[in-house]
Amino acid sequence: MTETGSGTDRLEPPLDTSKPHSARMYDYFLGGKDNYPVDVAAAEQVTALFPAVSAMARTNRAFMHRASRLLAERGVRQFLDIGTGIPTRPNLHQIVQGIAPEARVVYADNDPIVLRHAEALLHSTPEGRTAYVQGDVREPGKILAAARETLDFTRPIALSLVALLHLVADEDEPARIVRELLAQLPSGSYVTLSHATGDFDPETWERVVEVYRKGGTAAQVRSRTEFSAFFTGLQLLDPGVVLAAEWHPELGERQGGTEIPLYVGIARKP
């Protein structure tokens, strides 16, 4: 794990630029420059199928900002963000430490290029702390073990799996992954989820998913019912499971319209 002010050297895994990576495609959709021709080619295939994909990425990011702000305002001071992606300001720690400078944030991702940019995620306030874990959500135990070095697992933690579970296929048991992550978090913790859906245009999204799968990413969109199942046994916050643009737009940073096919929700562990 890389940590603020640690000064330790790390062995960086090699970048594979022979096939597209979802984090670098997402960076392209957001207008970033940390991507390669193979990522651009795949991203442009997706854009040709679904022209609103860049607006969808911005809508998702705006939801993350609103959700993180709301939880920080509710008193949460610890955040575990899995599937962080390439840093794009403001990052989650900048949102929550702007409200609570003492907040602690652990980021996790499995793309080596995110690791190379991790320093941008580690500029914590003096009162708080940030850290980065190179890890795969399909191995939740390893991420949680590393996160314990920074987070206090006796106090509530806000788990963020934003735009991540639609990159986990059914055979990797995403519901089990969510359960295993939440099982080690104390009562009063939260989970924030967002997920692409094919509910409104299944044929287009079948084609989009195929672009990702051909590139080696196990993409899979899910219905509202399937997405809602991730919150089983938890206490959903109002307004429940809704499209991203409908989730507390009064908190600001509303992007896109209700037609963006992205379900979101936040729930509390009782």
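Buried, as used on this tour, means under 20% relative accessible area, exposed means over 50%, and partly exposed lies in between, with a 1.4 Å probe and protein chains only. The model is predicted, so local features need pLDDT of at least 70 and side-chain atom pairs count only at pLDDT 80 or more, while totals for chains, interfaces and linings use all residues. Residues are numbered from 1 along each chain as its sequence is written, and side-chain values use heavy atoms, with hydrogens and water left out.

**Stop 1: two residues with positive phi**

Select H248. H248 is buried, at a relative accessible area of 17%, and has a phi near 45°, a positive value in a residue other than glycine. Its place is the loop between β8 and β9; helices (H or I, at least four residues) and strands (E, at least two) are DSSP runs numbered from the N terminus. Next select A163, in the loop between β5 and α7 (174–183). A163 is not a glycine either, and its phi is positive at about 55°. A163 counts as buried because its relative accessibility is 17%. Most residues other than glycine have a negative phi, and most peptide bonds are trans.

**Stop 2: two cis peptide bonds**

Select R89 and P90. The peptide bond between them is cis, with omega near -5°, and P90 sits in the loop between β2 and α4. Then go to D238 and P239, where the bond is also cis, with omega near 5°. P239 belongs to the loop between β7 and β8.

**Stop 3: strand β9 and its partners**

Stay in the loop between β7 and β8 and select L237. L237 is buried, with a relative accessible area of 9%. Add A267: the two C-alpha atoms are 5.5 Å apart in space, although the residues are 30 apart in sequence.

Now show the whole of strand β9, residues 262–268. Six of its seven residues are buried, so the strand is largely enclosed by the rest of the structure. Which residue of β9 stands opposite L236? It is A267. Strands pair here if DSSP finds at least two bridges between them. The partners of β9 include:

- β7 (residues 235–236), antiparallel, joined by two bridges.
- β8 (residues 242–243), antiparallel, also joined by two bridges; L243 stands opposite Y263.
- β6 (residues 190–196), antiparallel over seven bridges; Y190 stands opposite R268.

**Stop 4: strands β2, β3 and β4**

Select D81 in strand β2. D81 counts as buried because its relative accessibility is 8%. Its C-alpha atom is separated by 15 Å from that of A267, which is 186 residues away along the chain.

Extend the selection to β2 (residues 78–82) and β3, which pair in the parallel sense over five bridges. L80 stands opposite V106 in β3. Between these strands the chain passes through helix α4 (residues 92–99), and this β-α-β crossover is right-handed, a term for a path that runs clockwise from the first strand over the helix to the second when the strands point away from the viewer.

Strand β3 (residues 104–109) is mostly covered, with five of its six residues buried. Six bridges join β3 to β4 (residues 129–134), and the two run parallel. At Y107, look across to Y132 in β4, which stands opposite.

**Stop 5: rings**

Rings of Phe, Tyr and Trp (its six-membered ring) pair if their centres lie within 6.5 Å; planes under 30 degrees apart count as stacked, over 60 as edge-to-face and the rest as tilted. By this rule there are seven aromatic pairs. Select Y28 and F29: the ring centres are 6.3 Å apart and the planes at 65°, so the pair is edge-to-face. Y28 is partly exposed at 26% relative accessibility, whereas F29 is buried at 6%. In the pair of F227 and F231, the centres are 5.4 Å apart and the planes at 90°, so this pair is edge-to-face too. Both F227 and F231 are buried. Extend the selection to F200, F230 and Y263, which ring pairs link with F227 and F231 into a cluster.
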